[in-house]
Amino acid sequence: MTGLRMGIQSAAESTKVLYLRNHSNNYVEKAVQTIDEFRDHITPRYDIIVNNPWETEEDLSETLIFLSRIPTPYLLNLFSLTFYPATDLYDKAVEDGIIKDDLNDVYRATYNVQADGTSGGLLGETYMNNLFYLVYVFALYGHDVTEKIMSMLVARKNRPIMSRVMYFFMRQKASILLKKHLFAEIWKSVVANDQNRIKHWFHDEYARD
């Protein structure tokens, strides 16, 4: 085994009811701890659903704080909630007026979220979704967003100034991590190309001899 992927989707109690997931967060956390015992062999992937129109900031905060307790490194996959026809969620979305046009609201809707380059943020997404992206970047490179820091970041209503200041610095750090990785990949590519050119040169010289 070289990889493992698990759908957490949400840690919010009301959202888990909506998704028909009756397991406790404690149960998921134990599973994650078991997976972490094999960190030398496996980098796990965990799926999270965002852009759920019924979720509140409090619901999203529950999931974000839960993620802050998961040991890194891991890859966080973020997907927008997709409404598949003939499902209960689709019927509920139609009933609540969320889906008005199947072609654009369902079939042409994308479930992917897009990063804004190496800025440390997402394109056109909410503040809460950008907090999920911070977790993604930090966890990918083995850095923790502690529960204390996350509790401050999600407290935008109660601590508007402190949460925004903290978010600014966290996003800057995420941007630095992304840029370092990008430059490392570019350098690796340059070195690999140079080695290939040297190999071809020696091959051509040997062939001529």
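Which residue forms a salt bridge with R39? In this predicted model, local features need pLDDT of at least 70, side-chain atom pairs count only at pLDDT 80 or more, and totals for chains, interfaces and linings use all residues. Residues are numbered from 1 along each chain as its sequence is written, and side-chain values use heavy atoms, with hydrogens and water left out.

The partner of R39 is D36. Their closest N and O atoms are 2.9 Å apart. A salt bridge is counted when a side-chain nitrogen of Lys or Arg lies within 4 Å of a carboxyl oxygen of Asp or Glu. Side chains of opposite charge can pair when their charged atoms come close. D36 is buried, at 19% relative accessible area, whereas R39 is partly exposed, at 42%. Here buried means under 20% relative accessible area, exposed means over 50%, and partly exposed lies in between (1.4 Å probe, protein chains only).

The whole structure holds nine salt bridges. One of them joins the side chains of R156 and E57, at 2.7 Å from N to O. R156 sits in the loop between α7 (147-153) and α8 (160-208), and E57 belongs to helix α3 (residues 57-67), so the pair ties together parts that are 99 residues apart in sequence. Helices are DSSP runs (H or I, at least four residues) numbered from the N terminus. R156 is partly exposed, with 22% relative accessibility. E57 is partly exposed as well, at 23%.

A further salt bridge lies within helix α8 and involves K188 and E185. The closest N and O atoms of K188 and E185 are 3.3 Å apart. These two residues are three apart in the helix, which means that about one helical turn separates them. K188 is exposed, at 52% relative accessible area, and E185 is partly exposed, at 35%. Elsewhere, salt bridges link E29, R69 and E147 in a network.

Helix α6 was examined for length and burial. It covers residues 127-140, 14 residues in total. The expected span of a helix is 1.5 Å times one less than its number of residues. For α6 this gives 20 Å, and the end C-alpha atoms are 20 Å apart, which agrees. The helix is mostly covered, with twelve of its 14 residues buried. Among them are the aromatic residues Y127, F132, Y133 and F138. M128, N129, N130 and L131 are also buried, as are L134, V135, V137 and A139. Just after α6, G142 adopts a positive phi of about 80 degrees.
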